Amino acid sequence: MQYIPGENIFEKFFAQRESLIFQYKKGDLNKREYIEESHAYLVNQDVKPFKNVDAFEKAVFNYQYYNIMAKYFHMKSETLKTSAKHPELAKQYSEKRDKHYHLKDKMTLRAVELKDYYDLEAYYIKVSSVQLKKVLYEIIFHEHPDVVFHSKSRWLRERLEREGVFSNTTKRSVIEQYVNEKY
């Protein structure tokens, strides 16, 4: 992203994200279109994640970046697998997906560390997917109600358990419709 003096990259990025979320909630975009539009924005604006993540906002920004990239590569990989065309390319997309999900989980850890594990909670969420039951969990930050993270990472969950912020209960996701919509 080209830096323009006086411009707040957080505001610009999150304004675009909020616009897409609004369109999704309104029904103008489905989940697949939301992901494609989000990815196109990152590419067109040449958005890159922060290297030095020394603030909560940077961790959230990077989480969103890696999450969008992971979902996009997942979508591409699944499309190629379904069509049985280009298996090598499908494998490359799967590897990129996994790499970005791992980086997303690292940003989640960084965010909770920056909050010193305070005023947040994590729990499994109710999902329609059998494979994701008691696997997918949500992390919410009470001080930042618009920040919602999700993960399947075992190592991250174990860390949250050690810190006493992970509950073994299952709750509805605060963004249940989005979480349960296939793409």
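Helices and strands are DSSP runs, numbered from the N terminus. In this predicted model, α1 (9-26), α2 (31-44), α3, α4 (87-114), β3 and α6 (176-180) each supply at least two residues of the lining of the largest pocket. About 1,400 Å³ of space lies in that pocket. Its lining holds 42 residues, and K31, K71, H150, Y178 and V179 are the closest to the centre. Helix α3 gives the largest share of this lining, 6 residues. By class, 18 lining residues are nonpolar, 11 polar and 13 charged. Both domain 1 (1-115) and domain 2 (116-182) contribute at least three residues to the largest pocket.

The second largest pocket has a volume of about 200 Å³. It is lined by 13 residues, with F14, R17, V60, D146 and V147 closest to its centre. Here the largest share, 5 residues, comes from β3. At least two lining residues come from each of α1, α3 and β3. The class counts are 7 nonpolar, 2 polar and 4 charged. Again, each of the two domains supplies at least three residues.

Strand β3 also belongs to a sheet. This open sheet has 4 strands in the order β3-β2-β1-β4, with mixed pairing. Strands β3 (144-151) and β4 (166-171) form the edges, each pairing on one side only. Neighbouring strands are turned by 30° against each other on average, direction ignored. Strand β2 (residues 137-141) pairs with β3 in the antiparallel sense over 5 bridges. Within this pair, I140 stands opposite V148.

Two helices meet the sheet. Helix α3 (residues 56-83) touches β2 and β3, its direction making about 50° with that of β3. Helix α5 (residues 154-162) lies across β1 (120-125), β2, β3 and β4 and runs at about 50° to β2.

Conventions. Residues are numbered from 1 along each chain as its sequence is written. This is a predicted model: local features need pLDDT of at least 70, side-chain atom pairs count only at pLDDT 80 or more; totals for chains, interfaces and linings use all residues. Side-chain values use heavy atoms; hydrogens and water are left out. Two strands pair if DSSP finds at least two bridges between them. Axes are lines fitted to C-alpha atoms, for helices over the stretch in contact, and angles run from 0 to 180 degrees between N-to-C directions. Contact means heavy atoms within 4.5 Å. On a 1 Å grid over the protein atoms alone, a cavity is a set of points where a 1.4 Å probe fits but cannot get out, and a pocket is an open set with protein on both sides within 12 Å along at least five of seven lines; lining residues have an atom within 4 Å of a point. Grid points are joined across faces, edges and corners, and a volume is the space filled by probe spheres set on the points. Ala, Val, Leu, Ile, Met, Phe, Trp, Tyr, Cys and Pro count as nonpolar, Asp, Glu, Lys and Arg as charged, and the others, Gly among them, as polar. Domain bounds come from an automatic or database domain assignment.
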